[in-house]
Amino acid sequence: MPRSSQSLHPPRTPAPPRPAATVLLLRDSAEGVEVLMTRRSSTASFAPGAYVFPGGGIDAADAQAHPQSTRRAGQSDERLTQAIAAIRESFEELGVLLARHADGRHATTEDIAGLDRQAPFAAQCLARGLTLAGDEVFVLAHWVTDRDLPRRFDVPFLVARMPEGQEPVADESEQFEPLWVRPADALARHRDGAFFMIFPTIRTLERLQHFEAVDAVLAACASEQPLWSSCPRAGLLGGKEARFMECDTPYGELALTCPDGHIAHALDWQTSQPVRLLKNVMRLTAPNPGMMTGPGTNSYLVGDADSGFIVIDPGPDDAGHVQRLFDAAAGDIRAIICTHSHPDHSPAARPLQALCAQTGRARPPVLGLPSAATARPDSSFVPDRSLLNQELLALDSIGLQHTLKVIFTPGHAANHLCLVLLEDGLLFSGDHILNGSTTVINPPDGHMSSYLDSLDLLAAACDAHQIEFILPAHGHVLAGAAQAIAQLKAHRLRREARVAAAMAAQPDGSLDQWVAVAYDDTPPRLWPIARRSLLAHVERIESLQH
């Protein structure tokens, strides 16, 4: 994990989340699944005026009501307590009661009219011979309120089918205007500015809209585990607050730069100035956006004003980018490292070196691995010195050290290497691991078996050096380094299985025929690029068969 001394913001303790539960009451309609939503009071302390699902805090009495509820065989005590809390809240707020009589009948409107929403809930149900239908409430998702907010909740989003014969009636104090709405319609109204919703509600509806029937939703939730869990993070886009889930590409960068929830980090891609990720790490993106480079090549500067800086991946030979790298380091560049020799990574090394020399400073060495004979002509590269595998490169500062460890990682290119900033547990992955896409393996310089073996080396490095964050050459910072690597390898192997299946189905097929089958989940416009990695998979599959 990064050293606290290198964090950009002073530490702070987010407010502790309060246990709560909310329930999505669902019904089928001719147009698809509908969900019951209601508008919160404009004076509510949390999300005033927002359209929400009924719910609220978990009370001690909810756990004590277990004997009055049905439960599934695999439903834990915690899940049952959450279900009972959701049942209680939906009754208190909307007059909807998930309970049954001894003969299996749903609670009736007469039952509901005979209950007081302000009086103890479970005791009233018991007096009327009603059993709470906890077994009919399933967990859909798990949300924890964002770290920056003063009121936070740890809340499962539960789902249940709306009981037949009941109609919602708002309490007119906490909730107003109950309505049935299709998830897609609620999202459209929100985009038009007429249906205010908070982030977890929006993202839940985005996923719910893909279900065609209530039965499909309940079947998906049968495992007793949430389909997703999230504690969102917030950053700035276009100067405005924007929130992200763990699956969103900016999430890891916010976890690195603002671990305690400060809303201070701008996520907009720009090339005019460096972006500080830690006190000792800056990123400067080159002005070379494109299909293969995404927002551009990320150059990194590691170090500080006392230690000087090491530049990682100086990028393309762009005079403005070279000057900005020089300026970001105040000219004090101690070394220039190229993770590999592709034309969007290494050509600026010599111009940057020359610029340093012109100012009278020491000439920083260009380090890396020479390009192999298999490299394309535009990827020819000869460093001043070849790095050694596992070599350590250290910068000394006042009371600090910044040490980069070299790890050879052939696969994307024969001369590819990665770097680990040991003191902060950061992996500079070059093109071996990207954020938002998978790297191209282009034979003969690219080699799939070597690429997968290198992923294993990086996974081992994550364990050995407690690496939490990956800083790629393209895209935002990735969090959960070990998990990201495992998922990337699994994705590659799934793709390889599809390639093998295409080859088996069409043994005399061409690469173009195979790519249309193995990459049918990819837009055809990308098939010429995918064809390169397909060839690498084909070579690997054939080598394993001999």
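Mentor: Let's start with a term for helix packing: a helix axis is a line fitted to the C-alpha atoms over the stretch in contact, and the angle between two axes runs from 0 to 180 degrees between their N-to-C directions. Keep in mind that this is a predicted model.

Trainee: Thanks! Then what makes H13 and H14 roughly perpendicular?

Mentor: Helix H13 (residues 511-518) and helix H14 (residues 527-544) pack at about 100°, and their axes are 9 Å apart. Angles of 65 to 115 degrees count as roughly perpendicular, so H13 and H14 earn that description.

Trainee: Which residues make that contact?

Mentor: H13 brings Leu511, Asp512, Trp514, Val515, Ala516 and Ala518, while H14 brings Trp527, Ala530, Arg531, Leu534, Leu535 and Val538. Sorted by class, this contact has ten nonpolar, no polar and two charged residues.

Trainee: And how do you know that H12 and H14 are roughly perpendicular?

Mentor: Use the angle again. Helix H12 (residues 481-505) packs against H14 at about 75°, with the axes 10 Å apart. The range for roughly perpendicular is 65 to 115 degrees, and H12 and H14 therefore count as roughly perpendicular. On the H12 side the contact includes Arg492, Leu493 and Glu496, and on the H14 side it includes Ser533, His537 and Arg540. The residues of this contact divide into eight nonpolar, two polar and five charged.

Trainee: Let's turn to single residues. Why is Arg72 called buried?

Mentor: Buried means under 20% relative accessible area. Arg72 has 15%, so it is buried. Arg72 lies in the loop between helix H1 (60-64) and helix H2 (77-94). Leaving out residues up to four places away in sequence, Arg72 touches Gly134, Asp135, Glu136, Val137, Phe138 and Glu224.

Trainee: Is Thr38 buried or exposed, and how do you know?

Mentor: The same cut-off of under 20% settles it: Thr38 has 0% relative accessibility, so it counts as buried. Thr38 belongs to strand S2 (residues 32-40).

Trainee: What does the side chain of Thr38 have beside a polar atom?

Mentor: The backbone oxygen of Phe176 lies 2.7 Å from a polar atom of that side chain. A polar contact needs a pair of N or O atoms within 3.5 Å. Among the other residues Thr38 touches are Ala50, Leu94 and Gln175. Thr38 and Ala50 are twelve residues apart in sequence, with 8.2 Å between their C-alpha atoms.

Trainee: Why is strand S8 described as largely enclosed?

Mentor: Seven of the nine residues of S8 (residues 153-161) are buried, so the rest of the structure largely encloses this strand.

Trainee: What makes S1 and S8 a pair?

Mentor: Two strands pair if there are at least two bridges between them. S1 (residues 18-29) and S8 have seven bridges, in the parallel sense, and Leu25 is bridged to Ala160 of S8. S7 (residues 138-144) also pairs with S8, over six bridges in the antiparallel sense; there, Ala141 has Phe157 as its bridge partner.

Trainee: And why is helix H6 called largely enclosed?

Mentor: Eight of the ten residues of H6 (residues 199-208) are buried, so the rest of the structure largely encloses H6. Phe199, Ile202 and Leu205 are among those buried residues.

Technical notes:
Residues are numbered from 1 along each chain as its sequence is written. This is a predicted model: local features need pLDDT of at least 70, side-chain atom pairs count only at pLDDT 80 or more; totals for chains, interfaces and linings use all residues. Side-chain values use heavy atoms; hydrogens and water are left out. Buried means under 20% relative accessible area, exposed over 50%, partly exposed in between (1.4 Å probe, protein chains only). Helices (H or I, at least four residues) and strands (E, at least two) are DSSP runs, numbered from the N terminus. Angles under 35 degrees count as roughly parallel, over 145 as roughly antiparallel, 65 to 115 as roughly perpendicular and the rest as oblique. Contact means heavy atoms within 4.5 Å. Ala, Val, Leu, Ile, Met, Phe, Trp, Tyr, Cys and Pro count as nonpolar, Asp, Glu, Lys and Arg as charged, and the others, Gly among them, as polar. A polar contact is a pair of N or O atoms within 3.5 Å; within protein, one must be able to donate a hydrogen and the other to accept it, and residues adjacent in sequence count only if both atoms are side-chain atoms.
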